[in-house]
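Please walk through the structure below with attention to charged side chains, aromatic rings and burial.

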Amino acid sequence: MQNLKLPITISPSRSAQRRLVCKGVFKLADMTRLLAECESGSEHVQVSVKFDVDERGLTVMSGTGSALVALTCQRCNENFDQSLEVEFTFSPAKNEEAAEKIPSYYDVVELDENGEVNLRELVEEELMLMIPLIPRHNIQDCSADADSVWGELPEELEKPNPFDVLKQFK
């Protein structure tokens, strides 16, 4: 399969009228915000986007994106490969008033002044949401002990039970 380079910006309404399906790649090196959170694992981000018009007449962009990145394990501080895969469904809106009229089962994406959407930024943001909050290896693949403890826990102090006073009233 040939890796076709996708356009960075695209008009959702014109693409939906033609029922356009785009399959191709973006360079991972161009996604600077994503690379600020992780290391490059592969050269490309695979993307597939389908433009359509739903039964209500709304423009809909749905698709998938996937990339292989390297994250730093928070247990052992070693890098590991993580596959980021995302599915999305958006409906574009010109402004906030139009966005309020879009049903809640669609995510809203705002159009720029030319009536276009920055497809690369959209996919980049969706992939960033797929990065785990605390990246870690699988427990069996991690070099750090899973049940390791740092520091000493203080011994519990013997505290009197506050309800012992009630025993005196019997």
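Is Glu 116 buried or exposed, judged by its relative accessibility? The model is a predicted one, and in it Glu 116 has a relative accessibility of 18%. The cut-off for buried is under 20% relative accessible area, so Glu 116 counts as buried.

The next point is the partner of this acidic side chain. Glu 116 forms a salt bridge with Arg 14, and the closest N and O atoms of the two are 3.8 Å apart. Glu 116 sits in the loop between β7 (107-110) and β8 (117-118), while Arg 14 belongs to helix α1 (residues 12-17), so the contact ties together parts that are 102 residues apart in sequence. A backbone distance concerns the same loop residue and helix α1. Pro 12 lies in helix α1, and its C-alpha atom is separated from that of Glu 116 by 6.6 Å, although the two residues are 104 residues apart along the chain. Pro 12 is buried, with a relative accessible area of 1%.

The bridge between Glu 116 and Arg 14 belongs to a longer list: a search of the whole structure finds six salt bridges. Another one joins the side chains of Asp 52 and Arg 19, with an N to O distance of 3.0 Å. This pair also links distant parts of the chain, since Asp 52 is in strand β4 (residues 44-53) and Arg 19 is in the loop between α1 and β2 (21-27), 33 residues apart. Both partners are partly exposed: Asp 52 has a relative accessible area of 23%, and Arg 19 has one of 48%.

A further salt bridge connects two helices. The side chains of Glu 125 and Arg 33 meet at 3.4 Å, N to O. Glu 125 is in helix α4 (residues 119-129) and Arg 33 in helix α2 (residues 32-37), so the pair links distant parts of the chain, 92 residues apart. Glu 125 counts as partly exposed at 37% relative accessibility, and Arg 33 is partly exposed as well, with a relative accessible area of 36%. Glu 124 also takes part here: Arg 33, Glu 124 and Glu 125 are linked in a network of salt bridges.

Some acidic residues group together on the surface instead. Which residues gather in a patch of negative charge? They are Glu 96, Glu 97, Glu 100 and Glu 110. Helix α3 (residues 96-100) contributes three residues, the largest share of this negative patch. One residue of helix α3 is Glu 100, which is exposed, with a relative accessible area of 67%. The cut-off for exposed is over 50%, so the value for Glu 100 places this residue in that class.

The aromatic rings remain. How many aromatic pairs does a search of the whole structure find? The search finds two. One of them is formed by Phe 88 and Phe 90, whose ring centres are 5.8 Å apart and whose planes make an angle of 45°, a tilted arrangement. Phe 88 is buried, with a relative accessible area of 4%. Phe 90 likewise counts as buried, at 4% relative accessibility.

Conventions. Residues are numbered from 1 along each chain as its sequence is written. This is a predicted model: local features need pLDDT of at least 70, side-chain atom pairs count only at pLDDT 80 or more; totals for chains, interfaces and linings use all residues. Side-chain values use heavy atoms; hydrogens and water are left out. Patches are made of residues with over 30% relative accessible area and no salt bridge: like charges are joined within 9 Å, nonpolar side chains (Val, Leu, Ile, Met, Phe, Trp, Tyr) within 5 Å. Accessible areas come from the Shrake-Rupley method with a 1.4 Å probe; for residues, only the protein chains shown count as cover. A salt bridge is a side-chain nitrogen of Lys or Arg within 4 Å of a carboxyl oxygen of Asp or Glu. Lys and Arg count as positive and Asp and Glu as negative; His and the chain ends are not counted. The place of a charge is taken as NZ of Lys, CZ of Arg, CG of Asp or CD of Glu. Helices (H or I, at least four residues) and strands (E, at least two) are DSSP runs, numbered from the N terminus. Buried means under 20% relative accessible area, exposed over 50%, partly exposed in between (1.4 Å probe, protein chains only). Rings of Phe, Tyr and Trp (its six-membered ring) pair if their centres lie within 6.5 Å; planes under 30 degrees apart count as stacked, over 60 as edge-to-face and the rest as tilted.
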